[in-house]
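Please open the model in your viewer and keep the selection tool at hand, as this tour moves from one selection to the next.

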Amino acid sequence: MSAGVSTQPRRREMAAAAAAAAATSGAGRCRPSKIGAGRRPPPARVRVAVRLRPFVDGTVGASDTPCVRGMDSCSLEIANWRNHQETLKYQFDAFYGERSTQQDIYAGSVQPILRHLLEGQNASVLAYGPTGAGKTHTMLGSPEQPGVIPRALMDLLQLTREEGAEGRPWALSVTMSYLEIYQEKVLDLLDSTSGDLVIREDCRGSILIPGLTQKPITSFADFERHFLPASRNRTVGATRLNQRSSRSHAVLLVKVDQRERLAPFRQREGKLYLIDLAGSEDNRRTGNKGLRLKESGAINASLFVLGKVVDALNQGLPRVPYRDSKLTRLLQDSLGGSAHSILIANIAPERHFYLDTVSALNFAARTKEVINRPFTNESLQPHVLGPVKLSQKELLGPPEAKRARGPEEEEIGSLEPMAASASASQKLSPLQKLSSMDPAMLERLLSLDRLLASQGSQGAPLLSTPKRERMVLIKTVEEKDLEIERLKMKQKELEAKVLAQKAEDSKEKENHCPTILRPLLHRTVTVAKPLKKAVVMPLQLIQEQAASPNAEIHILKNKGRKRKLESLDAPEPEEKAEDCWELQISPELLAHGRQKILDLLNEGSARDLRSLQRIGPKKAQLIVGWRELHGPFSQVEDLERVEGITGKQMESFLKANILGLAAGQRCGPS
């Protein structure tokens, strides 16, 4: 029994060794074909560093002691607000106390991730913390103590110059972009005229911003020439806690492009995000009002979504709310994405910052558990191939080509195997025979074939397709050609329809006549007559004017369906023509009415102006506003500049209002 027990482990060891040997031998043969075949990149946890700023001048009291105390280079403790006899301890990747310098933080946490950019991977540095904790000082610094951004750019440009020198296999170029997220709007700081930009995602899952300005830089002087003016465009404001408080999230994007000088001409792209987050604010202590309160609400909302994203990643939820905020959408690569991320949590030692400090430490502790999966962003450069035009016989396989040959070509065909053996030494890709394929697909397949050839792949070439696959490709090409021809025919039909429509429109314009259309045959057409307007005069005014010997006033009478004009002095009614419906007004009455309207226009209020006919509330307000702007009206015709009415409309306006105003003046005393 003991022997059986002893031999069983021995057999397992031998089987495991044999399996390991087979896996080792097979891995060498199959390595080129298993590149990226369902293999996930290795995980990389988000690294968190905490920086404790010193006391600000003027805030240290007689009995004020710091609420945070560092224990070693990686841990700290803070008083427990529930029980003052206890302390809360936190463990992070690095802790920088009050005496730490800008160089200590940069060399200890930021500088090690710059090498990943030259490998075609992404990296992110985020400064997080409450307002007034020193985030902007950590990222920008001062001329005497430069922060993370100038130090990282200086070292990165030095690395690219060394790696991209002559004789090195890669050629490198660096570009920069600078933006801010202000009240959920993405604004380009390098181009202040651009509006709100959109955030997109490409086919590989990388975040990009179309329309964002990119400036090439080759030296630190180039960086300062673009960065310093753009930094002045960032939105800042004064609060009770900070005289220059950042009112937006600032993101500096540095992109490193690499191109291989020799075959297989690979290209890599690495991105560095340097992010200065706006601080969370308690409006009761900052005293924000108006615009500052609105800015604070937008900042706190985006930071709240950032906390939800971290919690969703730690809990493994199926949906991570990246799209709930522009900030989290932009940080999709940095948190749970494909970047090497560093979070620098800035905290303050003062006791009135205690709640903000505890909140920042709890967020940093949750962020430490987020897992990223960085990978190399590498692709092949499209190789320019000359157009190859081959006949259909060359595209067909040997049996099909034999049927298509003539008798003379069959005799010559016996010499083809010798020529084929001679041309096989050239090792040309069989895909060059499929020149009528889609150019983009052709480029990708040829690049993949060259890559496998350069890595020493054995066996048949990848693109030496047999007869069935070749026929499928030819059929696909023919279907595409038919589709293109169909679209061309459809386009020609549409163009013909447009030309015919234009010809019909031109004929209609030539045949158009402004006069009245002729009536149809055997049909009587009645043309609608324009409506005439009649003014009804007050009876008292008519009697007074009729008493004067030289007065001549016409009135309208209605007899059944016919209307006739009658004169008071005429013995018999005289029927007038239809064109004589307009009333004749005496010059004295017209002048008096004009003066009355002019006085009302210059002295009357909006309510008085509404008593005029054809003057509503809106026009009355326009007249009063014009009078206050340009002064009194010199004549009644100036009303045309206010209302924009024509001469005929002005004449009818005068006739409609003159009689009523004159009659009201005469009848008023009685």
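Begin by selecting helix 9, residues 354-367, which in this predicted model lies across strand 3, strand 4 and strand 5 and runs at about 140° to strand 4.

Next, select the strands themselves: the three of them form an open sheet in the order 3-4-5, and their pairing is antiparallel. At the edges of this sheet you will find strand 3 (68-70) and strand 5 (87-91), each of which pairs on one side only. If you look at how neighbouring strands of the sheet are set against each other, they are turned by 25° on average, with direction ignored.

Now narrow the selection to strand 4, residues 75-79, together with strand 5; these two run antiparallel and are joined by five bridges. To see one residue pair here, pick glutamate 77, whose bridge partner in strand 5 is lysine 89.

For the last stop, leave the sheet and select helix 2, residues 102-110, along with helix 4, residues 148-163, which pack at an angle of about 55° with their axes 10 Å apart. Because an angle of this kind is neither roughly parallel, roughly antiparallel nor roughly perpendicular, the two helices, helix 2 and helix 4, are oblique to each other. Helix 2 passes helix 4 in a right-handed crossing. Show side chains for Gln102, Gln103, Tyr106 and Val110 of helix 2 and for Val148, Arg151, Ala152 and Asp155 of helix 4, since these residues make the contact. Coloured by character, the residues of this contact between helix 2 and helix 4 divide into four nonpolar, two polar and two charged.

Key. Residues are numbered from 1 along each chain as its sequence is written. This is a predicted model: local features need pLDDT of at least 70, side-chain atom pairs count only at pLDDT 80 or more; totals for chains, interfaces and linings use all residues. Side-chain values use heavy atoms; hydrogens and water are left out. Axes are lines fitted to C-alpha atoms, for helices over the stretch in contact, and angles run from 0 to 180 degrees between N-to-C directions. Helices (H or I, at least four residues) and strands (E, at least two) are DSSP runs, numbered from the N terminus. Angles under 35 degrees count as roughly parallel, over 145 as roughly antiparallel, 65 to 115 as roughly perpendicular and the rest as oblique. A crossing is left-handed if the near helix is turned anticlockwise from the far one by less than a right angle, and right-handed if clockwise. Contact means heavy atoms within 4.5 Å. Ala, Val, Leu, Ile, Met, Phe, Trp, Tyr, Cys and Pro count as nonpolar, Asp, Glu, Lys and Arg as charged, and the others, Gly among them, as polar. Two strands pair if DSSP finds at least two bridges between them.
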